[in-house]
Amino acid sequence: MNAKSLDQFVVVGRVDDIPSGTSRMVKVNGKSIALFNVSGKFFAINNICPHKGGPLVKGKLKGYVVGCPWHHLQFDVRSGFGTDGGGYCVASYDIQVNDDEIYVSSKCRDL
Ligand code: FES
């Protein structure tokens with residue numbers, strides 16, 4: 001990865017900080033982002049549930065799906081799409097790992 005490709009990315013931690021099956025809340029440009037490790041792959045979505053603001057980082061992770069801890073709507077951490085027909089989705093962010101450091105894009109993907 002060259003330096004230019006990291007321009008819009010922000011270092012949020014090291015690979016060892018987030019073991020497989022766990023999550024961590026990070027801040028990127030003031031935004032609260034939930035970072036998940038699913039079997040060694042990292043995914044980032046907006047931490048704030050669009051229903052009533054529950055912290056998705058505290059949700060239960062099952063495969064690629066996290067359930068909001070407040071009212072249990074579910075979101076695919078790979079895309080941010082709701083998986084339970086509730087019609088909600090959250091922004092997702094590209095990730096890069098370089099030298100065991102995790103980078104999250106400061107710009108969300110298009111939904
Ligand atoms: S706040 Fe997340 S489901 Fe209600």
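Biologist: How many bridges join β8 to strand β9, and which way do the two strands run?

Modeller: The general idea comes first: strands of a sheet pair through backbone hydrogen bonds, either parallel or antiparallel. In this predicted model, β8 and β9 (residues 101-108) run antiparallel and are joined by 5 bridges. To find one of them on screen, pick Ile-95: its bridge partner in β9 is Val-104.

Biologist: What sits in the hairpin of β8 and β9?

Modeller: There are 2 residues between the strands, and Asp-99 there takes a positive phi near 50°. Asp-100 lies in the loop between β8 and β9 as well, and its phi is also positive, about 65°, although Asp-100 is not a glycine.

Biologist: Is Asp-100 buried or exposed?

Modeller: You count C-beta atoms around the residue; 12 or fewer others within 10 Å makes it exposed, and 20 or more makes it buried. Asp-100 has 10 other C-beta atoms within 10 Å, so it is exposed.

Biologist: Where else should I look for a positive phi in a residue other than glycine?

Modeller: Try His-72, with phi near 70°. His-72 is in the loop between β6 and β7. Its count is 13 other C-beta atoms within 10 Å, so His-72 is partly exposed.

Biologist: Back to β8, then. What is the strand order in the sheet of 6 strands?

Modeller: Read across the sheet rather than along the chain. The order is β1-β9-β8-β4-β3-β2, the sheet is open, and the pairing is antiparallel. At the edges you find β1 (9-14) and β2 (23-28), each pairing on one side only. From one strand to the next, the twist averages 30°.

Biologist: How many bridges join β4 to strand β8?

Modeller: There are 2, and β4 runs antiparallel to β8 (residues 92-98). Look for Ala-44, which stands opposite Tyr-93 in β8.

Biologist: And how many bridges join strand β3 to strand β4?

Modeller: You'll find 6 between β3 (residues 31-38) and β4 (residues 41-46), again antiparallel. Ala-34 is a handy landmark, with Ile-45 as its bridge partner in β4.

Biologist: Which strands form the sheet of 3 strands?

Modeller: Those are β5, β6 and β7, in the order β5-β6-β7, in an open sheet with antiparallel pairing. Its edge strands are β5 (60-62) and β7 (74-76), so to speak the outer pair, each pairing on one side only. The twist here averages 25° from one strand to the next. Between β5 and β6 (residues 65-67) there are 3 bridges, and Lys-60 stands opposite Gly-67 in β6.

Biologist: Which residues of the largest nonpolar core touch the most other members?

Modeller: Think of a core as a network, and ask who has the most links. This core has 25 residues, and those that touch the most other members are Ile-33, Ala-34, Leu-35, Ala-44, Ile-45, Leu-56 and Val-104. Two or more residues each come from β1, β2, β3, β4 and β9.

Biologist: What is Ile-33 in contact with, leaving aside its neighbours within four places in sequence?

Modeller: Its contacts are Val-26, Val-28, Ala-44, Asn-46, Asn-47, Tyr-93 and Val-104. You've already met Ala-44 and Tyr-93 as residues standing opposite each other.

Biologist: Lys-27 lies in strand β2. Is Lys-27 buried or exposed?

Modeller: Lys-27 has 12 other C-beta atoms within 10 Å, so it is exposed. Sequence distance and space distance are separate readings: Lys-27 and Lys-107 are 80 residues apart in sequence and 13 Å apart in space, C-alpha to C-alpha.

Biologist: What is Ser-20 in contact with, beyond its neighbours within four places in sequence?

Modeller: Ser-20, in the loop between β1 and β2, touches Asn-37, Ser-39 and Gly-40. It counts as exposed because it has 10 C-beta neighbours inside 10 Å. Its C-alpha atom is separated by 22 Å from that of Leu-73, 53 residues apart along the chain.

Biologist: Zooming out, how many helices and strands does the chain have?

Modeller: It has 0 helices and 9 strands. The radius of gyration is 13 Å, close to the 13 Å that the globule rule gives for 111 residues, so the chain is as compact as a globular protein of that length. The C-alpha trace spans about 40 × 25 × 20 Å along its principal axes, and buried residues make up 28% of the 111 residues.

Note on methods. Residues are numbered from 1 along each chain as its sequence is written. This is a predicted model: local features need pLDDT of at least 70, side-chain atom pairs count only at pLDDT 80 or more; totals for chains, interfaces and linings use all residues. Two strands pair if DSSP finds at least two bridges between them. Helices (H or I, at least four residues) and strands (E, at least two) are DSSP runs, numbered from the N terminus. Axes are lines fitted to C-alpha atoms, for helices over the stretch in contact, and angles run from 0 to 180 degrees between N-to-C directions. A nonpolar core is a set of buried Ala, Val, Leu, Ile, Met, Phe, Trp, Tyr and Cys residues joined through C-beta atoms within 7 Å. Two residues are in contact if their C-beta atoms, placed from the backbone, lie within 7 Å. The radius of gyration is taken over C-alpha atoms; the globule rule is 2.2 Å times the number of residues to the power 0.38.
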